[in-house]
2 protein chains.
Amino acid sequence: MKKMSGFPEFLPEGRMVEQAVLAELQRTFELHGFASIETRALEPMASLARKGDIGKEVYVVRRLHAPEGAPAELGLHFDLTVPFARYVVENAGHLEFPFRRYQIQKAWRGERPQDGRYREFLQADVDIVGQGELALHHDIELPLVALEALARLEEFGVPPAVMRLNNRKLSEGFYRGLGVSDPLAVLQRVDKLDKFGPDAVAAALREDLGMSPAAAAACLSLAEIKAPDGSFADRVRKLGVGGELLESGLDELGQVMESLAAYAPGQAVADLSVARGLDYYTGTVYETALRGMEALGSVSSGGRYDSLAADGKHTYPGVGLSIGVSRILVPLIGKGALTASRKVPSCVLVAVDSEASRAESMAIAAKLRARGIPAEVSPSADKYGKQIRYADRRGIPFVWFGAEVKDIRSGEQIAADPDIWDPPSQDLRAIVRTDA
Amino acid sequence: MKKMSGFPEFLPEGRMVEQAVLAELQRTFELHGFASIETRALEPMASLARKGDIGKEVYVVRRLHAPEGAPAELGLHFDLTVPFARYVVENAGHLEFPFRRYQIQKAWRGERPQDGRYREFLQADVDIVGQGELALHHDIELPLVALEALARLEEFGVPPAVMRLNNRKLSEGFYRGLGVSDPLAVLQRVDKLDKFGPDAVAAALREDLGMSPAAAAACLSLAEIKAPDGSFADRVRKLGVGGELLESGLDELGQVMESLAAYAPGQAVADLSVARGLDYYTGTVYETALRGMEALGSVSSGGRYDSLAADGKHTYPGVGLSIGVSRILVPLIGKGALTASRKVPSCVLVAVDSEASRAESMAIAAKLRARGIPAEVSPSADKYGKQIRYADRRGIPFVWFGAEVKDIRSGEQIAADPDIWDPPSQDLRAIVRTDA
């Protein structure tokens, strides 16, 4: 059977790696006081069909027997930020603000599958949303949480992360200072710098948007600026463009970068080429690459969105990042760089002497489980050699025979009581193995 | 904003209950040696559009910009069994059989929302699949695992479960013995007994299917038989219908019930009215009610499916059950019977004296987290009374001030070192609270 391109699925040993990674992410987010939520997979098309690049990639959903010609009203969410904003507005009366949440769910985009891009993918999002206002220090807190979460994955062999930051007010203020009326159009072209190179982007700015050669060149000069701290600001000012919005962006990004240089040295750089395709960002924006796996694209992206969520009474400004779990894990698990120490949770296979005595084996397994030791009973009363092979093929380290337990790796067999015996702690559960 | 009917979403305190329940289910399944897998949400329509009752409820999915008039090729899965069968066939060369897996994911059905029925719902499935053959003792093992998992939820205030069992060979053999040529059609009408009552079902059997009054009455007599063990068989035989398939069903259900009467006394009854709407079951079938919440319908259903999965070389017979997590939790959480001890994971709020000293508060929080204590830093340097109210509204039990920590419930404030201090263990994490 041919696999469906763009819809990755793991074998059990790969899924175990994913479970371990998700447990670490969840643990990090909860240590920082973020509460879990899940939102439904389907949203009204009206809230999904946005003006950014995403609109055309939405999967439309309808009931098979919906009336002929009825408009498509629902779609699968393409990220977790838009549904979260909807959830916040819908439940505002029951939430405490600033509201800190994480959300680990699949999202769907009907784009062409390629390395690092899937039609179904798992994301782990972490955000803070305020009511009416949200202090800038959260723009510092959130990337620190995301970087800490990614750092915890290094024990599993995930390469170290480097985050690149920019600020929409800075870019937009700069473009407006150049006389541009549609700064998002400029951003979307600058966003393709990595893909097409500076000459093609400059040409697009001139030809698609009618910018002067000098203005297009200034946009590229801005995009070339990189710094490990707040020192980018002077370089921007030297480009000779001014304005209130630009100064506001320079100030915000300066504060964020000075703090990140102190708290996460070497893990964050200001990079004024960072654009982010989505149109709902209004301030700080984040992108993150893994060292040596830069070609995958950003594994943790996000930003500040001041006007995504609003009801009649309030706006709900937010800031957050999304960790691309599938983007990180599918390649690493696929090439065998990450796997599990066994294919099943079972630590012990309880052998069966004959079908007539299966109940005795079930009782032994129940005793082991009651003490937290994962155990399964042999499905057949085959010769013991065959039952040992059953365990061996799955990586189950111990086989229980009547009143004895055998470590099938060493061959050592000892008398044991299922109410007392314990496996070595490193054998109790399957663990993640790296080829590193 | 109006909520979308049929798509339940929890507030953070409800989601915490769901997380605790899922952790217990996962723990139970893994103790029994079941490995986790996840399958993609989308399947080809060809494998979803079945002859059972489900076909018309499938949600069809297509790209927004798919070519006009292109056939709808994908749909959202309506259960986890059909995708699992596809996964088994697709990955058979990499799996060890019998293959034990659990799968906790959402599923979607476009049916009319009502109590216990949702358009998006979370299921926890546990199955064993063999290659070519699968021993009957797995038909005993699986309901024991599901009943153990449900029993673990009683500590959270979920009522005790009672499972009802039947066997498709028994029903089908009986109907064929009566001369019926389409036993599934009879099953689907008998399945409505609870809903419409015996007179309406008898009328439907006579009028829709042309059965004689005596044959229709015999079907109802069969459906009336209930027993806590294998004693149902004699009562079936007294109805005077015979045949090889019926005898095979009587034998299988007899063995399963005798074992369940021994291992799970009082938790399982043979109930020959159990039908299950899905057409892929071929042997044992299971339904489960919660005592006092019978109106919700079955919270754990499943059965034996001998021919759902097959490739050119093998068939992959399976047996399993699905626990309806949403069906159990949405009503209990919705009416406030289950909630969490606080609204956030944070055990400690670290107060902020002034924005200039925020870094000191961040350092204290980092020290607490490094020792596994969930901590967040106050979002504002407001007066301490306001920061305490911030903690109180979220149920955070401790507020940290400089070198002291205050239990805001008792008011007790003590000198404390963030490298040493520990909260009482019952305060470390949010726990599930019941109103019982």
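These legends describe close-up views of a predicted model with chains A and B.

**View 1. Chain A and chain B are related by a two-fold axis.**
A rotation of 180°, with 0.0 Å of shift along its axis, superposes chain A on chain B. The RMSD is 0.0 Å. That relation is therefore the one a two-fold axis gives. V61(A) has the C-alpha nearest the axis in chain A, 2.3 Å from it.

**View 2. The two copies meet through the same surface.**
On chain A, 59 residues are in contact with 59 residues of chain B. Several elements of chain A each supply at least two residues of the side that touches chain B. The helices among them are helix 1 (12–31), helix 3 (81–91), helix 13 (358–370) and helix 14 (384–394). The strands among them are strand 1 (35–36), strand 3 (59–63), strand 5 (99–108) and strand 15 (375–377). By class, this side of chain A has 26 nonpolar, 12 polar and 21 charged residues. Of the interface residues of chain A, 100% are also interface residues in chain B, so the copies meet through the same surface.

**View 3. Strand 3 of chain A pairs with strand 3 of chain B.**
Five bridges join the two strands, and they run antiparallel. V61(A) stands opposite V61(B). R62(A) stands opposite V60(B). The C-alpha of V61(A) is also the one in chain A nearest the axis. Strand 3 of chain A has a partner within chain A as well: two bridges join it to strand 4 (residues 74–76) of chain A. This pairing is antiparallel. Here V61(A) stands opposite L74(A) in strand 4 of chain A. V61(A) thus appears in both pairings, facing V61(B) and L74(A).

**View 4. Five strands of chain A form an open sheet with mixed pairing.**
The strand order is 15-14-16-17-18. Strand 15 and strand 18 (413–415) of chain A stand at the edges. Each has a single partner strand, so one side of each is left without a neighbour in the sheet. From one strand to the next, the twist averages 25°. Strand 14 (residues 348–350) and strand 15 of chain A run parallel and are joined by three bridges. In this pair, V350(A) stands opposite V377(A).

**View 5. Helix 13 and helix 14 of chain A lie across strands of the open sheet.**
Helix 13 of chain A lies across strand 14, strand 15 and strand 16 (398–401) of chain A. It runs at about 175° to strand 15 of chain A. Helix 14 of chain A lies across strand 14 and strand 16 of chain A. Its angle to strand 16 of chain A is about 150°. Helix 13, helix 14 and strand 15 of chain A each also supply at least two residues of the side that touches chain B.

**View 6. Helix 1 of chain A packs with helix 4 of chain A in a right-handed crossing.**
Helix 1 and helix 4 (residues 137–152) of chain A pack at an angle of about 145°. Their axes are 9 Å apart. From helix 1 of chain A come E24(A), L25(A), T28(A) and F29(A). They meet V145(A), E148(A), A149(A) and R152(A) in helix 4 of chain A. By class, the residues of this contact divide into four nonpolar, one polar and three charged. Helix 1 of chain A also supplies at least two residues of the side that touches chain B.

**View 7. Helix 5 and helix 11 of chain B are roughly antiparallel.**
The axes of helix 5 (residues 168–177) and helix 11 (residues 244–263) of chain B come within 7 Å and cross at roughly 155°. Angles over 145 degrees count as roughly antiparallel, so helix 5 and helix 11 of chain B fall in that class. Helix 5 of chain B passes helix 11 of chain B in a left-handed crossing. Residues of helix 5 of chain B in the contact include L170(B), G173(B), F174(B) and G177(B). Those of helix 11 of chain B include L246(B), G249(B), L250(B) and L253(B). By class, the contact of helix 5 with helix 11 of chain B has six nonpolar, four polar and four charged residues.

**View 8. A cis peptide bond joins F97(A) and P98(A).**
Omega is about -5° for this bond. P98(A) lies in the loop between helix 3 and strand 5 of chain A. In chain B, the peptide bond from F97(B) to P98(B) is cis, with omega near -5°. P98(B) is in the loop between helix 3 (81–91) and strand 5 (99–108) of chain B. Most peptide bonds are trans.

Conventions. Residues are numbered from 1 along each chain as its sequence is written. Chains are lettered from A and ligands numbered from 1 in the order in which they are written. This is a predicted model: local features need pLDDT of at least 70, side-chain atom pairs count only at pLDDT 80 or more; totals for chains, interfaces and linings use all residues. Axes are lines fitted to C-alpha atoms, for helices over the stretch in contact, and angles run from 0 to 180 degrees between N-to-C directions. Helices (H or I, at least four residues) and strands (E, at least two) are DSSP runs, numbered from the N terminus. Angles under 35 degrees count as roughly parallel, over 145 as roughly antiparallel, 65 to 115 as roughly perpendicular and the rest as oblique. A crossing is left-handed if the near helix is turned anticlockwise from the far one by less than a right angle, and right-handed if clockwise. Two residues are in contact if their C-beta atoms, placed from the backbone, lie within 7 Å. Ala, Val, Leu, Ile, Met, Phe, Trp, Tyr, Cys and Pro count as nonpolar, Asp, Glu, Lys and Arg as charged, and the others, Gly among them, as polar. Two strands pair if DSSP finds at least two bridges between them. Copies are superposed by least squares on the C-alpha atoms of residues with pLDDT of at least 70 in both.
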